[in-house]
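Please consider the following model with attention to its interior: the packing of its core, its enclosed spaces and its aromatic rings.

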Amino acid sequence: MQQIEMEEKYVEYMLDVTSRLLAVDSPSGYTRQAAEFVRNEFLSLGYQPELTRKGGILVSLGGRDTSNGILLEAHMDTLGAMVAEVKPNGRLRLTNIGGMNANNAEGENCRIYTREGNVYDGTFQLMNASIHVNKDYNKTERSYDTMEVVLDERTETQEETKRLGIAAGDIVCFDPRTRITESGYIKSRFLDDKLSVGILLGFARYLQEENICQDRAVYVHITSYEEVGHGGAASVPEGVTEAIAVDMGCVGDGLQCREHQVSICAKDSGGPYDYEVVSGLIRAAQKMDADYAVDIYPHYGSDVEATLRAGYDVRHGLIGAGVSASHGYERSHRDGVKHTWRVLIGYCCAGEEEEASEFSKSSMYF
């Protein structure tokens, strides 16, 4: 197989598995089905994933030195909402899960999951949503107090909606609307962070199919509570000395990264990332000819910072494919996926510096 064909095979797999995972609803606190999906995918690749008590997936990707391991963290939980109240008119008032902005979700289709296992469709929209009726339509601030879910059921009273089994505490999931364009863009809600889960699955498949045994032990933790701040706070294997979050790279004003690149974060709202780890990630990008940018994210926190807050004594880093419109209808590109995957190979599969340099030149890889 030609080198470029091999690379494209893995990129295609990463985009495909991401699309399939995006179709599985999984806001924070409701990730069981996504965990089953990820677990089964790792099993199909020949690994032995474990389900953590918090509902994450932990898996060893092998490696010789278990006393100097690397933990790669990505999260399968997403933004979403929860029913806060069944209103007198039978419609639903919501409360957000994570940073789901009400104004960003206006007009979006959604699903309501009841405790009894029923699923109902609805639309999240402004109260009195017809512009032909509501003279204040344009002036009304969009918030969870001014918006509601209109159910696709014949219900006009609180009692009728409650008879459907819908109640406060039920999970509400918004449509991802995933699309991959011919020009290579992937557009969807919740690329943060299911795109990175797909990249880590592609990295795991690469190690297995190309029979790579890296010097350092590598583990993957697919977490389930990142969007509410404590996804990476547990389940660090013995011997891990570095934890690297693989999450979305920010794209926007004041930042260098674009959707076609891999972003290496030097600092975010939690402070600077480990200087040596960031420097190593930059060297890995350079060795692997990955198109990268180094950026500072002004409003961002990652799984690996939860790992540090939990008291683990590890060095930390953060990389990810460039994603625009974060926490909205997000967009990335297959090149950003490819370059993130390359950095993982360059960082996790290299040995000493001379060996790493030769690794990057080997026709076995690129």
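A residue is called buried when its relative accessible area is under 20%, exposed when it is over 50%, and partly exposed in between, with a 1.4 Å probe and protein chains only. The model is predicted: local features need pLDDT of at least 70 and side-chain atom pairs count only at pLDDT 80 or more, whereas totals for chains, interfaces and linings use all residues. Residues are numbered from 1 along each chain as its sequence is written, and side-chain values use heavy atoms, with hydrogens and water left out.

The largest nonpolar core (buried Ala, Val, Leu, Ile, Met, Phe, Trp, Tyr and Cys residues joined through side-chain atoms within 4.5 Å) has 103 residues. Helix 4, residues 191–209, gives the most to this core, with 10 residues; helices here are DSSP runs of H or I with at least four residues, strands are E runs of at least two, and both are numbered from the N terminus. Among the residues with the most contacts inside the core are Phe 42, Phe 203 and Ile 222. Leaving aside residues up to four places away in sequence, Ile 222 touches (heavy atoms within 4.5 Å) Val 38, Phe 42, Gly 56, Ile 57, Ala 74, Met 76, Val 197 and Leu 200.

Enclosed space is found on a 1 Å grid over the protein atoms alone: a cavity is a set of points where a 1.4 Å probe fits but cannot get out, and its lining residues have an atom within 4 Å of a point. The largest cavity holds about 60 Å³ of space, and its lining includes Leu 79, Cys 173, Phe 190 and Lys 194. The second largest holds about 50 Å³; Leu 79, Met 100, Arg 189, Phe 190, Asp 192, His 327, Gly 328 and Glu 330 line this cavity.

The structure also holds eight aromatic pairs, in which rings of Phe, Tyr and Trp (its six-membered ring) have centres within 6.5 Å; planes under 30 degrees apart count as stacked, over 60 as edge-to-face and the rest as tilted. Tyr 30 and Tyr 113 form a tilted pair, 5.1 Å centre to centre with 50° between the planes. This pair links distant parts of the chain, 83 residues apart: Tyr 30 lies in the loop between helix 1 (3–22) and helix 2 (32–44), and Tyr 113 in strand 6 (residues 108–113). Tyr 113 counts as buried because its relative accessibility is 14%, whereas Tyr 30, at 27%, is partly exposed.

Note on methods. On a 1 Å grid over the protein atoms alone, a cavity is a set of points where a 1.4 Å probe fits but cannot get out, and a pocket is an open set with protein on both sides within 12 Å along at least five of seven lines; lining residues have an atom within 4 Å of a point. Grid points are joined across faces, edges and corners, and a volume is the space filled by probe spheres set on the points.
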